[in-house]
Amino acid sequence: ITEDTPPLTLSDRSLAAVADLIKTGYARRIVVMTGAGISTAAGIPDFRSPETGLYANLAALNLPEPEAVFDLSFFQQNPKPFYVLARELYPGARYRPTVSHVFLALLARKGLLHMLFTQNIDCLERAAGVPADRIVEAHGSFATQRCIDCKVPFDGEVMRAFVARGEVPRCGQQQGQQQYQYQQPQQQRDDGASSAACGGLVKPDIVFFGEALPRAFFELMDMAKEADLILVMGTSLQVHPFAGLPNMADEQVPRVLFNLEEVGSFGTQADDVLVLGDCDGGVRQLADELGWREELEKTWREL
Ligand code: CNA
């Protein structure tokens, strides 16, 4: 810290000082940015942790490179590896929200969550009780799906059954029939897509490499500038444009990183607090400082 460093708004770089900002009402518009690291404790591997990450596990699928599983042109040629992964990650009974997810739901319940930007596609924030209008799923999610050719949406329950069987759904298989049955296109929708089944591959609305992020991300990203406290949890901050979000607010705005490792520009600003370790542990410490620990554990247990 030099003479040029802007004035501190935290009394020191500790979770106790962060909790004070919240308890005194200074921090009321908390913006949170999350990644795969908040779901690893739920049993969902992240991408990049060596050995345990998804990319490490994909070796068995003989991909040209692990990232190919989220590459649209590869998917068009061979959608199977993606559906192996989809079966693993699919939201439902298998995975339960973590303490970190529940902490976010508490922030929302207390009217302190300005916006949650998540890169995760597992929908565990919703499952923990964060209201949908407080979440921007920056990389999409498994919540909806459509044909990659004609863009016609595909039924969620039929999709779930396909994924559970490890099969690749095609446009027109809404009834779950094994063979796609061709129907003549009947009419064009407003967006130019045909309303009839075309037999194209169906893909969940998660963002593949080279695909545009959802419109909501661009419409709502400026909310990061309105933050009076930023929490970043469980992300390597390697994927852009998401990785730029923690740098959008004014430099005086305190930022807290809950992560196994140091990432992005964390540590360069006077009010950066680095909580290195597993994020559930860090979140429990913050909950202790806030006097919310009992409520956090009870809400998590009773989910
Ligand atoms: P990433 O690049 O795999 O990085 C994860 C980060 O979290 C790393 O820095 C880890 O050190 C850290 N980490 C892992 N476990 C913990 C833990 N228990 N506590 C604290 N930190 C931990 O993942 P990102 O989210 O940064 O990358 C962006 C990709 C990953 C997005 O496009 C996601 O869609 C995608 N992804 C999502 C999921 C999911 O939805 N759960 C799972 C795997 C990958």
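Strand E2 (residues 113-118) is largely enclosed by the rest of the structure, because six of its six residues are buried. The model is predicted. E2 pairs in the parallel sense with strand E1 (residues 30-34) over five bridges, and also in the parallel sense with strand E3 (residues 135-137) over three bridges. The protein has ten helices and eight strands, and it is divided into domain 1 (1-44 + 97-139 + 213-303) and domain 2 (46-94 + 142-206).

**Strands around E2**

- Phenylalanine 117 in E2 has methionine 33 opposite it.
- Phenylalanine 117 also stands opposite valine 136, a residue of E3.
- The loop between E2 and helix H6 (124-128) holds cysteine 123.

**Overall layout and domains**

- Of the 303 residues in the protein, 39% are buried.
- Taking contacts between residues at least 6 apart in sequence, 64% join residues at least 24 apart.
- Between the domains, nine residues of domain 1 are in contact with eight residues of domain 2.
- On the side of domain 1 that touches domain 2, four residues are nonpolar, four are polar and one is charged.

**Ligand shell**

- There are 29 residues around the ligand, and Gly35, Gly37, Asp46, Phe47 and Asn120 come nearest.
- By residue class, the shell has ten nonpolar, 14 polar and five charged residues.
- Both domains contribute to the shell, with at least three residues from each of domain 1 and domain 2.

**Cysteine cluster**

- An unreviewed UniProt entry lists Cys147, Cys150, Cys171 and Cys198 under "binding site".
- These cysteines are spread over 52 residues of sequence but cluster in space, with a largest C-alpha distance of 8.5 Å.
- Cysteine 147 belongs to strand E4 (residues 140-147).
- Cysteine 147 counts as buried because it has 22 C-beta neighbours inside 10 Å.
- Beyond residues up to four places away in sequence, cysteine 147 touches Val152, Phe154, Cys171, Cys198, Gly200 and Val202.
- Cysteine 171 lies in the loop between helix H7 (156-165) and strand E5 (202-206).
- Cysteine 171 has 24 C-beta neighbours inside 10 Å and therefore counts as buried.
- Setting aside neighbours within four places in sequence, the contacts of cysteine 171 include Cys147, Cys150 and Cys198 from the UniProt list.
- Other contacts of cysteine 171 are Asp149, Val152, Phe154, Ala197, Gly199, Gly200 and Val202.

**Histidine 139**

- The feature "active site" is placed at His139 by UniProt, in an unreviewed entry.
- Histidine 139 sits in the loop between E3 and E4.
- Histidine 139 is buried because 21 other C-beta atoms lie within 10 Å.
- Not counting residues up to four places away in sequence, histidine 139 touches Gln119, Ile121, Ile206 and Val207.

**Tyrosine 26**

- Tyrosine 26 is found in the loop between helix H1 (15-23) and E1.
- With 13 other C-beta atoms within 10 Å, tyrosine 26 is partly exposed, since a residue needs 20 or more to be buried and 12 or fewer to be exposed.
- Tyrosine 26 and leucine 229 are 203 residues apart along the chain, while their C-alpha atoms are separated by 9.0 Å.
- Outside its neighbours within four places in sequence, tyrosine 26 is in contact with Leu21 and Asp228.

**Backbone geometry to check**

- Histidine 240 and proline 241 are joined by a cis peptide bond, with omega about 5 degrees.
- Proline 241 is placed in the loop between strand E6 (229-233) and strand E7 (255-259).
- Leucine 237 also lies in the loop between E6 and E7.
- Phi of leucine 237 is near 50 degrees, which is a positive value in a residue other than glycine.
- Leucine 237 is buried, having 21 other C-beta atoms within 10 Å.
- Cysteine 123, a residue other than glycine, has a positive phi near 65 degrees.
- Cysteine 123 counts as buried because it has 20 C-beta neighbours inside 10 Å, and the cut-off for a buried residue is 20 or more.

Note on methods:
Residues are numbered from 1 along each chain as its sequence is written. This is a predicted model: local features need pLDDT of at least 70, side-chain atom pairs count only at pLDDT 80 or more; totals for chains, interfaces and linings use all residues. A residue is near a molecule or strand if its C-beta atom, placed from the backbone, lies within 6 Å of it. Ala, Val, Leu, Ile, Met, Phe, Trp, Tyr, Cys and Pro count as nonpolar, Asp, Glu, Lys and Arg as charged, and the others, Gly among them, as polar. Domain bounds come from an automatic or database domain assignment. UniProt positions are given in the numbering used here, feature names are shortened, and annotations may be inferred rather than shown by experiment. Helices (H or I, at least four residues) and strands (E, at least two) are DSSP runs, numbered from the N terminus. Two residues are in contact if their C-beta atoms, placed from the backbone, lie within 7 Å. Two strands pair if DSSP finds at least two bridges between them.
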